[in-house]
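Open the model in your viewer and keep the selection tool ready. Each stop below says what to pick and what to look for.

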Amino acid sequence: MRSIWKGAITFGLVNVPVKLYSATEDHDVSLHQVHDADGGRIRYQRRCEICGKVVDYEHIDKAFDDGDRTVVLTADDLKSLPEERSREIDVLEFVPSDQLDPLMFDRSYFLEPDSASPKAYVLLRRTLEETDRTAIVHFSLRQKTRLAALRVRGDVLVLQTLLWDDEVREARFPVLDEKVRISGKELDMSGSLVESLGDDFDPSQFGDDYQEELRKLIDAKLEEGESLDTDATFGRAGDDEDGDGSGDGEVIDLMEALRQSVERSRSGAKKAPAKKPAAKKAPAKERAAEKEPAAKKAPAAKKPAAKKKPAAKKKPAAEKKAS
């Protein structure tokens, strides 16, 4: 990992030098937009609406407009803000850990001690552990003032940025103001369902099925030769729209649904973990994204070979289309 920020935690007279690292990463497959007719890549250009020229990043400033007037803020303007120069994580208060609403959590970061001796770091960690408190801190990162929770995860201090109070919406649903009668029998049955599905949470038992299937689909297309020359068109990606098929929903009896759920759970039909053992690589002719019901499985129809375009003559670098 590469640190993205260096500074110090300060509380009272204690100063704890630290390095900041992103605690999470995105595992989604990166997709691009392409033209459905020829697979050519679609690019977004930073074009000035006055002169019509494509502008390099080094000549781009930020601005604010109120609808009538625009105020341009240069990089030097933003650097002049006092918060941007601050390299301190100031502890504002220590609060009971159970008072933090998870809805307020935004991004998570690991903190590594950045000094010859980690004693101050360990002292702060031990103090938070033994008092069961979380430190509410204030710091600046990437030109923004942040509020964050400083807490312990194992033997590491973790910084979790918090949304500001006015960034969390108020949930007001009139339907919930209506009185609903829940019988004791319904509550008991619901509790039985919870007990039958009770378990200790192990995140390693779950996986992202969508991304796994997407990778299989891409591999299958590559094996079948359904690809284009990247230099000429940058590849081909499907632009399928997600259809969740969700309707108004079928109204069913609550007690019957609970009873069936409990019975299925007791009969051993517990929730299967999303993480599955690595599947054997499907033959190239099998479509990874198209699965037929087992009872009605028909032999895979031979798919006509993808139309191959005549190999495009490589153009000199100077003639390649600028993105």
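**Aromatic pairs**

This is a predicted model. Start with its rings: the count comes to 3 aromatic pairs. Select tryptophan 5 and phenylalanine 139. Their ring centres are 6.0 Å apart and their planes meet at 75°, so the pair is edge-to-face; the cut-off for that class is over 60 degrees. Now show the chain around both rings. Tryptophan 5 sits in strand E1, residues 5–11. Phenylalanine 139 belongs to strand E7, residues 133–141. The two are 134 residues apart, so this pair links distant parts of the chain.

Are these two rings buried or exposed? Tryptophan 5 has 5% relative accessibility and counts as buried. Phenylalanine 139 is buried as well, at 1%.

Next, select phenylalanine 201 and phenylalanine 206. They form a stacked aromatic pair. The centres are 6.1 Å apart, with 25° between the planes. Turn on the surface here. Phenylalanine 201 is exposed, at 68% relative accessible area. Phenylalanine 206 counts as partly exposed, at 38%.

**A charge over a ring**

Select tyrosine 57, then arginine 46. The arginine lies over the face of the tyrosine. How far is arginine 46 from the ring centre? The distance is 4.0 Å.

**Along strand E7**

Go back to strand E7 and pick threonine 134, which lies in this strand. Threonine 134 counts as buried, with 3% relative accessibility. What does its side chain touch? There is a polar contact with the side chain of serine 97, at 2.9 Å.

Move along to serine 140, also placed in strand E7. Serine 140 has 3% relative accessibility, so it counts as buried. Display the backbone of lysine 144. The side chain of serine 140 reaches the backbone oxygen of that lysine at 3.4 Å.

**Into the loop before E7**

Select aspartate 132. This residue lies in the loop between H3 and E7. Check its backbone torsions. Phi is near 50°, a positive value in a residue other than glycine. Why is that worth a stop? Most residues other than glycine have a negative phi. Aspartate 132 counts as exposed, at 53% relative accessibility.

**Salt bridges**

How many salt bridges does the structure hold? There are 5. Three stops follow.

Begin with lysine 6 and aspartate 114. The closest N and O atoms of this salt bridge are 3.7 Å apart. Lysine 6 is in strand E1. Aspartate 114 is in the loop between strand E6 (105–113) and helix H3 (119–131). With the two positions 108 residues apart, this pair links distant parts of the chain. Check the exposure of both partners. Lysine 6 is partly exposed, at 45% relative accessible area. Aspartate 114 is partly exposed too, at 28%.

Then select aspartate 66 and arginine 69. They form a salt bridge whose closest N and O atoms are 3.0 Å apart. Which side is exposed, and which partly exposed? Arginine 69 counts as exposed, with 59% relative accessibility. Aspartate 66 is partly exposed, with 40%.

Finish this set on helix H3. Select arginine 126 and glutamate 130, both in that helix. They are 4 residues apart, about one turn of the helix. Their salt bridge has its closest N and O atoms at 3.3 Å. Glutamate 130 is exposed, with a relative accessible area of 60%. Arginine 126 counts as partly exposed, at 42%.

**A nonpolar patch**

For the last stop, keep the surface on and select Leu31, Ile218 and Leu222. What do these residues form? They make a nonpolar patch on the surface. Together they offer about 270 Å² of accessible area.

Zoom in on leucine 31. Where does it lie? Its place is the loop between strand E2 (14–22) and strand E3 (62–65). Leucine 31 has 53% relative accessibility and therefore counts as exposed, the cut-off being over 50%.

How values were computed:
Residues are numbered from 1 along each chain as its sequence is written. This is a predicted model: local features need pLDDT of at least 70, side-chain atom pairs count only at pLDDT 80 or more; totals for chains, interfaces and linings use all residues. Side-chain values use heavy atoms; hydrogens and water are left out. Patches are made of residues with over 30% relative accessible area and no salt bridge: like charges are joined within 9 Å, nonpolar side chains (Val, Leu, Ile, Met, Phe, Trp, Tyr) within 5 Å. Accessible areas come from the Shrake-Rupley method with a 1.4 Å probe; for residues, only the protein chains shown count as cover. A salt bridge is a side-chain nitrogen of Lys or Arg within 4 Å of a carboxyl oxygen of Asp or Glu. Buried means under 20% relative accessible area, exposed over 50%, partly exposed in between (1.4 Å probe, protein chains only). Rings of Phe, Tyr and Trp (its six-membered ring) pair if their centres lie within 6.5 Å; planes under 30 degrees apart count as stacked, over 60 as edge-to-face and the rest as tilted. A charge sits over a ring if NZ of Lys or CZ of Arg is within 6 Å of the ring centre and within 35 degrees of the ring normal. A polar contact is a pair of N or O atoms within 3.5 Å; within protein, one must be able to donate a hydrogen and the other to accept it, and residues adjacent in sequence count only if both atoms are side-chain atoms.
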